[in-house]
Amino acid sequence: MMQSVDTFDLGDVPLQSGETLLNGKLVYATYGTLSPGKDNVVVIPTFYTGTHARNEAYFGAGRSLDPAKHFIVIPNLFGNGVSSSPSNTTGAQAGVNFPKTTLYDAVACQKRLLSEAFGIERVKLVMGWSMGACQSYEWAAQFPDAVDAILPFCGSAKCAPHNWVFLEGVKAALHADPVYDQGRYTMPPTSGLKAFARVYCGWAYSQTFFRDGLYKTRGFETPEDMLQDWEADHLEWDANDLLHMLWSWQHADIGATPAYGGDTHAALAAIKAKAIVMPSTTDLYFPVIDNALEVEAMRNAELRPHETDWGHCCASGDNDPTFQVALDSAIYDLLGS
């Protein structure tokens, strides 16, 4: 798939925390061609442990979202090891000293990218999975007059208390490794990363997924085989990067901004974009009820749960082909042919 990957220099970025990100870098990929009227723009922010390449699962030739018709922009999240992150920053803000960034900060910088690099002031659609979904809500609340539609799937406008507790569990597993040394490790905290992965894996899928042996469809003979695969994947990640993104996830709240003063309900009510909200019926992070309550507060939103046994990971790659069909249908309903 043809893509262009570039870096947008943000300069010094004042953050919601009161800190400043020095010499910030936003790495992004584009697919397709911007129309003369700049009216074919779709933004797909990345998810936890995701990069622009993994978001390519959500579009393609002949699909509802097609680079032949749409100009697709995928900005990488701060902390994912591609845009500015603890692992790729040098000097005083390297590693554990990297400043805390919220999804409010991320989306504000994404808006700057579109405006300053491309002269884009309006977006047809913002969509995404998990933390990408959280950023979709953030876009619509932060810039209500600049977004036509949003399609958040398996994500929410605010990190719910139970979601926060789950994340505390995986964080504690990594912190328990003495090699981690409060983020000042000199070698990878291997034991902590493996423990992090094992706890995380159990929450990523549903009880039915394991009971019915759906892991076998991904080439794993036993749950233990799958856990070892998750360990191997997480060993590729920098611990401070993982924890930075986790902090951003835990502090996700579209109401925690100057415009809304901590009132998430008011932020939801202020969203003007047409919305289709797609939870997984078996998601253990973002249950349907959380999205249902959000949709009640929104002025032009539809709740469209996806029936699946794949839990949160129904939207990861080609895990659940029925999800991709449902996603294409939702995109068509929002964008048309």
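In this predicted model, Gln182 is placed in the loop that runs between helix α3 (161-175) and helix α4. The phi angle of Gln182 is near 55°, a positive value in a residue other than glycine, and with a relative accessibility of 62% the residue counts as exposed. A positive phi of about 50° is also found at Asn23, which is likewise not a glycine. Asn23, however, belongs to strand β2 (residues 20-31), and its relative accessible area of 46% makes it partly exposed.

Helix α4, which spans residues 190-204, packs against helix α6, which spans residues 223-234, and the axes of the two helices come within 8 Å and cross at roughly 125°. Because of this angle, α4 is classed as oblique to α6, and the crossing in which α4 passes α6 is right-handed. On the α4 side, the residues that take part in the meeting of the two helices are Leu193, Lys194, Phe196, Ala197, Arg198, Tyr200, Cys201 and Ala204, and on the α6 side they are Glu224, Met226, Leu227, Gln228, Trp230, Glu231 and His234.

Under the distance rule applied to charged side chains, the count comes to 13 salt bridges. One of them joins the side chains of Glu121 and Lys111, with a distance of 3.3 Å from N to O. Glu121 lies in the loop between α1 and β5 whereas Lys111 lies in helix α1, so the pair ties together parts that are 10 residues apart in sequence. With regard to accessibility, Glu121 counts as partly exposed at 46%, while Lys111 counts as buried at 13%.

A further salt bridge links the side chains of Arg112 and Glu116, at 2.9 Å from N to O. Arg112 and Glu116 are 4 residues apart in helix α1 and are therefore separated by about one helical turn. Arg112 is partly exposed, its relative accessible area being 27%, and Glu116 is also partly exposed, with a value of 49%. In helix α3, Lys171 and Glu168 are 3 residues apart, so that about one helical turn separates them, and their side chains meet in a salt bridge at 2.7 Å, N to O. Glu168, with a relative accessibility of 24%, counts as partly exposed. In addition, salt bridges that share partners join Arg198, Glu224 and Glu231 into one network, and these three residues also appear among those through which α4 and α6 meet.

A charged residue without such a pairing is Glu138, which is located in helix α2 (residues 131-142). Glu138 is buried yet has no salt bridge, and the nearest side chain of opposite charge, that of Lys158, is 12 Å away. In general, side chains of opposite charge can pair when their charged atoms come close. For the pairing to count as a salt bridge here, a side-chain nitrogen of Lys or Arg has to be within 4 Å of a carboxyl oxygen of Asp or Glu. When neighbours within four places in sequence are left aside, the residues in contact with Glu138 are Leu103, Tyr104, Val107, Phe143, Asp253, Ile254 and Thr257.

Helix α2 also contributes to the surroundings of helix α9, since what covers the buried residues of α9 includes α2, together with α8 (264-270), β7 (274-277) and β8 (301-303). Within α9, which comprises residues 288-297, the buried positions are Asn291, Ala292, Glu294, Val295 and Ala297.

Lys124 is situated in the loop between α1 (103-118) and β5 (125-129), and a relative accessibility of 32% places Lys124 in the partly exposed class. Apart from neighbours within four places in sequence, Lys124 is in contact with Asp39, Asn40, Val41, Asp148, Ala149 and Leu335. Between Lys124 and Ile276 the separation in sequence is 152 residues, and the corresponding distance in space, from C-alpha to C-alpha, is 14 Å.

Conventions:
Residues are numbered from 1 along each chain as its sequence is written. This is a predicted model: local features need pLDDT of at least 70, side-chain atom pairs count only at pLDDT 80 or more; totals for chains, interfaces and linings use all residues. Side-chain values use heavy atoms; hydrogens and water are left out. Buried means under 20% relative accessible area, exposed over 50%, partly exposed in between (1.4 Å probe, protein chains only). Lys and Arg count as positive and Asp and Glu as negative; His and the chain ends are not counted. Contact means heavy atoms within 4.5 Å. Axes are lines fitted to C-alpha atoms, for helices over the stretch in contact, and angles run from 0 to 180 degrees between N-to-C directions. Angles under 35 degrees count as roughly parallel, over 145 as roughly antiparallel, 65 to 115 as roughly perpendicular and the rest as oblique. A crossing is left-handed if the near helix is turned anticlockwise from the far one by less than a right angle, and right-handed if clockwise.
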